[in-house]
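Please walk through this structure with me, beginning with its overall make-up and then following the strands one after another.

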Amino acid sequence: MTIQAINVRNQFRGKIKAIIEGDVVSEVDVETPAGIVTSVITTRSIRDLNLVVGSDVVALVKATEVSIAKL
C-alpha cells in the first residue's frame with residue numbers, strides 16, 4: 001500500500017512498540033523520533049491492517065485523534 005497524498009500536517013513515522021488488545025478497541029504505542037504516540041483503534045482494524053509489534057507505520061494526528069497507516 002502506498003499513500004499518495006493525505007491532508008494531515010502532523011505525521012510521525014515510527015515502529016509499533018506495543019499493542020494492548022481489547023475485545024473491541026486496542027491501544028497501539030508507536031515509537032517515533034518525537035517520542036511515544038499512542039492510538040486507540042478498533043481491534044478489527046489491527047487485524048485488517050496486520051499490525052504487529054515492529055511494523056513500520058505513520059501516526060496521523062488531528063486534534064485529539066490519532067490514526068494509524070501501515071507502511
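What follows is a guided reading of the model, from the chain as a whole to its sheet and its surface.

The model is predicted, so that local features need pLDDT of at least 70 and side-chain atom pairs count only at pLDDT 80 or more, while totals for chains, interfaces and linings use all residues. Residues are numbered from 1 along each chain as its sequence is written, and side-chain values use heavy atoms, with hydrogens and water left out.

The chain contains 1 helix and 5 strands, where helices (H or I, at least four residues) and strands (E, at least two) are DSSP runs numbered from the N terminus. Read from the N terminus, the elements follow the order β-β-β-α-β-β. Of the 71 residues in the chain, 32% are buried, a term that stands for under 20% relative accessible area, with exposed meaning over 50% and partly exposed in between (1.4 Å probe, protein chains only). When contacts (heavy atoms within 4.5 Å) between residues at least 6 apart in sequence are considered, 37% of them join residues at least 24 apart.

How are the 5 strands ordered in the sheet? They form an open sheet in the order β3-β2-β1-β4-β5, with antiparallel pairing, and two strands are taken to pair if DSSP finds at least two bridges between them. Because β3 (35-42) and β5 (65-70) stand at the edges and have a single partner strand each, one side of each is left without a neighbour in the sheet. Neighbouring strands are turned by 45° against each other on average, direction ignored; the axes behind this angle are lines fitted to C-alpha atoms, for helices over the stretch in contact, and angles run from 0 to 180 degrees between N-to-C directions.

Strand β1 (residues 10-20) pairs with β4 (residues 56-62) over 6 bridges, and here G14 has V57 of β4 as its bridge partner. β1 also pairs with β2 (residues 25-32), over 5 bridges, with I19 bridged to V28 in β2, and these two strands form a hairpin with 4 residues between them. β4 in turn pairs with β5 over 6 bridges, where A59 stands opposite I68.

On the surface, V24, V25 and V40 make a nonpolar patch of about 280 Å². V24 lies in the loop between β1 and β2 and is exposed, with a relative accessible area of 61%.

Methods
Patches are made of residues with over 30% relative accessible area and no salt bridge: like charges are joined within 9 Å, nonpolar side chains (Val, Leu, Ile, Met, Phe, Trp, Tyr) within 5 Å. Accessible areas come from the Shrake-Rupley method with a 1.4 Å probe; for residues, only the protein chains shown count as cover. A salt bridge is a side-chain nitrogen of Lys or Arg within 4 Å of a carboxyl oxygen of Asp or Glu.
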